[in-house]
Amino acid sequence: MHKEMDVVSALQFSRSDVEKLIAIAEELRRRVENGEKLELAKGRILFTAFFEPSTRTRLSFQFAMAKLGGNVIDLGPEEVTSRAKGESPEDTLRTVDSYDPDIIVVRHREPGFAARAAEICKAPVVNAGDGYNEHPTQALLDVYTIWRSLGRIDGVTVGVMGDLKYGRTISSLSYILSNFRDVTIYFISPQALRPREEVLKILDQRRTRYELLEKPDDAMEKLDILYVTRLQKERMNPEEYERLKGSYIITYEYLSRFKKIPMIMHPLPRVWELTTDVDVLPQAIYFEQAKNGLYMRMALIKIILGV
Amino acid sequence: MHKEMDVVSALQFSRSDVEKLIAIAEELRRRVENGEKLELAKGRILFTAFFEPSTRTRLSFQFAMAKLGGNVIDLGPEEVTSRAKGESPEDTLRTVDSYDPDIIVVRHREPGFAARAAEICKAPVVNAGDGYNEHPTQALLDVYTIWRSLGRIDGVTVGVMGDLKYGRTISSLSYILSNFRDVTIYFISPQALRPREEVLKILDQRRTRYELLEKPDDAMEKLDILYVTRLQKERMNPEEYERLKGSYIITYEYLSRFKKIPMIMHPLPRVWELTTDVDVLPQAIYFEQAKNGLYMRMALIKIILGV
Amino acid sequence: MHKEMDVVSALQFSRSDVEKLIAIAEELRRRVENGEKLELAKGRILFTAFFEPSTRTRLSFQFAMAKLGGNVIDLGPEEVTSRAKGESPEDTLRTVDSYDPDIIVVRHREPGFAARAAEICKAPVVNAGDGYNEHPTQALLDVYTIWRSLGRIDGVTVGVMGDLKYGRTISSLSYILSNFRDVTIYFISPQALRPREEVLKILDQRRTRYELLEKPDDAMEKLDILYVTRLQKERMNPEEYERLKGSYIITYEYLSRFKKIPMIMHPLPRVWELTTDVDVLPQAIYFEQAKNGLYMRMALIKIILGV
């Protein structure tokens, strides 16, 4: 059992939670873009503990807190900490929690780690990725991006593509989307990398339409959004990776074959699955998507701090 | 010769210094727990230079400075600095000192390094561990923890256990305790890892009672505090480590054998010498001890800055 | 084409730009030394992205921003970021740029990288070293140091020594010096490590006197400044390094042979090319030089932010 202000799973968020977060993100964006220096989080401390690498999530939380006038303290890389001496992540978190941070943001390769951290810590814990399981703040910025691109989330048709079994952004995104009406999700992946049963089961329960495809071609012209993800090399065996890596590459040339090109999203980092020649298209909104992460995380922090 | 505000050795601290620091730590704790946002260190910079790994010491200094409203700048891990190009730590510190930090906190594997840093730098230098030699701020938080648990330091009976020869927390703690009346210390260690002569000599001079034991069993029921430390693998040869590592493990089962269980302290990180099943005992105060580090370090910073 | 406030090359700076920066650096120094807590950069964010190791440049920018009351966010070492997952530095910068930093400071081993970063990013980009090419902020603090030591830059005679081909500080320093009247530069290096043609060509165009020498001895007594640089091991093949490393060592004994000892500068870190026994000489101004970096970078930030 975790605490009220923990953000452990995308399943915690109702439709109205999401709408409220979007409204706050939009308001904070306006204030920042007007050059206002916010002090909402003055004297507050956000602690980031990334037991796995991160650029966007870590930095966007740091920027978000700085733009709210607060402080960030980072655990630091493994070799500078007592993890090098064999300390468990649980002991590390319990210790830092005793230093009274206002929020703890945690990423760990183990599914369920964030939930356990939330039990251990008095401070609110935000899941910034727990293995293949979930990445709820990514999903929030994803639907915020859909809303900003299309003006709505109800009725949207989204194709998500890549490694859907081990990609934690996919489960969280599906959960958030399932709050909205008339959403259709095309899951495009090799058979071996289809979404996990637990994810599909929730979509079934919530009566969200979805289809499982092996190639993007068939769905492309029906899509409002094509959400590309990478085949996470570190989660596959080397053979599987070599066999599949050629199959899911989105290029300018490929997209040009279709009459209607959907908005292209990607959680980034991209490696080879989305080529840089796509960047010139007006539909390439993945850097906008990253930017939206700043404002969505500011909104989350604002709510968690109650300021 | 170092400067007045340097904190190089626990021997610098008199009884009244310790009492004053405890009083300031308690006052700062009350203010922080009341939600007050302090600005005592506003515009001030604390620089942390850890040439060896650290979690608690580094992070608690960072939290302490943040909670006083000040800034922290960290040297960063070895591979991102000019140490990677072969620069001496002395040149690194002299350079940073020229940037005018208000305090420099330094850890290095070499005994005596902090004293040398204090000579080199104009800024006050705080020793956060110099090899096997000393770790005075740890000792200050340790006696603060004893005071908070027992309401006094005079008359306390403390068992310190583990690698007492290379464990730097032990010498500093002994020095601070030797300021108080009727203290008894049981040093519990393999013969080869007894406290260094220089430490025992100072206790002799100050007429602090101590006894050297090989097993914790005999002293256990006399103790107010059992201070467990790990056998620091990196300071032992592999054979010695393998031979001894089984002998000094504190478990729930082990403690249950005794009629009276003392307060259990540990500087952390623990590896195997203190099992997690002990955490449920009311006597397990090592996470409280870590927390006390925050307030003691705030108190130290406050005094050093003269604010 | 980069943007007005980018600092990509030392060639951007006119004589009056340099004089203006020195005046601002001096004013900020006075205010800091008077204990004034500046808030000029309050609420502003400087982002540091060092794709190569750095101590002085990174830390002096951090201190500079802190002393101006602003925030610093650092990319972090490679293994904690998505670079570990194969992300290009361009994607990393584009992402961070979308988080709306006020300044981006970038170092990369590739010549021309800073210019490319400046094109990609909306935020002003400061070149903190792009391979062997340039290091303009180092050159600014170097001429500031010359001005503080000699009271003038016009008419100065400077010997620069070491690896002049791959040493990026040399080209930038030469460009800045070439703005001033009656400057003479002695380039002292092995033939294979003479300054690149592009550098000498600009000095020719600007009619700055220079001479190419193989040994420092001949010029020593004519010099106002001897600027020592290391033979950057990582930029040479191992054989070349072994053959040359003995030839360019400045020691106390060596300097004592001359009737007049010039001011000794060094961008640091030094390894073996400048021995620590030189530090006692009044002419040893390399730690002053490092300190000047703080104030020059504060001045640069102030101008870039327009505060």
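A salt bridge is counted here wherever a side-chain nitrogen of Lys or Arg lies within 4 Å of a carboxyl oxygen of Asp or Glu. By that rule, a search of the whole structure, which is a predicted model, turns up 66 salt bridges over all chains. As background, side chains of opposite charge can pair when their charged atoms come close. A good example to look up in the structure is the pair Glu52(A) and Arg168(A), whose side chains meet at 3.3 Å, N to O. Glu52(A) sits in the loop between β1 (45-50) and α2 (56-67) of chain A, while Arg168(A) belongs to helix α6 (residues 168-177) of that chain, so the salt bridge ties together parts that are 116 residues apart in sequence.

Chain C serves well for a walk through the sheets. One open sheet of chain C is built from 4 strands in the order β2-β1-β3-β4, with parallel pairing. The edge positions are taken by β2 (71-74) and β4 (125-130) of chain C; each has a single partner strand, so one side of each is left without a neighbour in the sheet. On average, neighbouring strands of this sheet are turned by 15 degrees against each other, direction ignored. Strand β1 (residues 45-50) of chain C runs parallel to β2(C) and is joined to it by 4 bridges. Within this pairing, Ile45(C) has Asn71(C) of β2(C) opposite it. A helix also meets this sheet: α4 (residues 113-120) of chain C lies across β3 (103-108) and β4 of chain C, and runs at about 160 degrees to β4(C).

Another open sheet of chain C has 5 strands, again with parallel pairing, in the order β7-β6-β5-β8-β9. Here β7 (209-213) and β9 (263-265) of chain C stand at the edges with a single partner strand each, and therefore one side of each has no neighbour in the sheet. The twist from one strand to the next averages 20 degrees. Between β6 (residues 184-188) of chain C and β7(C), which run parallel, there are 5 bridges. One residue to look for is Ile185(C), whose bridge partner in β7(C) is Tyr210(C). Helix α6 (residues 168-177) of chain C packs on this sheet, where it touches β5 (157-161), β6 and β8 (225-228) of chain C, and its direction makes about 165 degrees with that of β6(C). Helix α7 (residues 197-205) of chain C lies across β6 and β7 of chain C, at about 145 degrees to β7(C).

Attention now turns to the contacts between chains. The size of an interface is often given as the accessible area lost when the parts come together. For chain B and chain C, about 2,500 Å² is buried between them, with 55% of it on carbon and sulfur atoms. This contact involves 29 residues of chain B and 28 residues of chain C. The interface holds 5 salt bridges; among the paired side chains are Glu87(B) and Arg56(C), at 2.9 Å, N to O. There are also 9 residue pairs in polar contact between chain B and chain C, both residues at pLDDT 80 or more. On the side of chain B that touches chain C, the elements giving two or more residues are β1 (45-50), β2 (71-74) and α3 (89-98) of chain B. Of these, α3(B) provides the largest share, 6 residues. By type, the residues on this side of chain B comprise 10 nonpolar, 9 polar and 10 charged.

Chain C in turn meets chain A, through 29 residues of chain C and 28 residues of chain A. These chains bury about 2,500 Å² between them, 56% of it on carbon and sulfur atoms. The count of salt bridges between chain C and chain A is 5, and one of the paired contacts links Glu87(C) with Arg56(A) at 2.8 Å, N to O. On the side of chain C that touches chain A, two or more residues each come from β1, β2 and α3 (89-98) of chain C, and α3(C) gives the most, with 6 residues.

A few backbone details complete the picture. Most residues other than glycine have a negative phi, and most peptide bonds are trans. Leu268(A) and Pro269(A) are joined by a cis peptide bond with omega of about 5 degrees, and Pro269(A) lies in the loop between β9 (263-265) and α10 (286-305) of chain A. In chain B, a cis peptide bond joins Leu268(B) and Pro269(B), with omega of about 0 degrees. Asp100(A), although not a glycine, has a positive phi of about 70 degrees; its place is the loop between α3 (89-98) and β3 (103-108) of chain A.

Conventions
Residues are numbered from 1 along each chain as its sequence is written. Chains are lettered from A and ligands numbered from 1 in the order in which they are written. Side-chain values use heavy atoms; hydrogens and water are left out. Two strands pair if DSSP finds at least two bridges between them. Axes are lines fitted to C-alpha atoms, for helices over the stretch in contact, and angles run from 0 to 180 degrees between N-to-C directions. Contact means heavy atoms within 4.5 Å. Buried area is the accessible area (1.4 Å probe) that two parts lose on being put together, summed over both. A polar contact is a pair of N or O atoms within 3.5 Å; within protein, one must be able to donate a hydrogen and the other to accept it, and residues adjacent in sequence count only if both atoms are side-chain atoms. Ala, Val, Leu, Ile, Met, Phe, Trp, Tyr, Cys and Pro count as nonpolar, Asp, Glu, Lys and Arg as charged, and the others, Gly among them, as polar.
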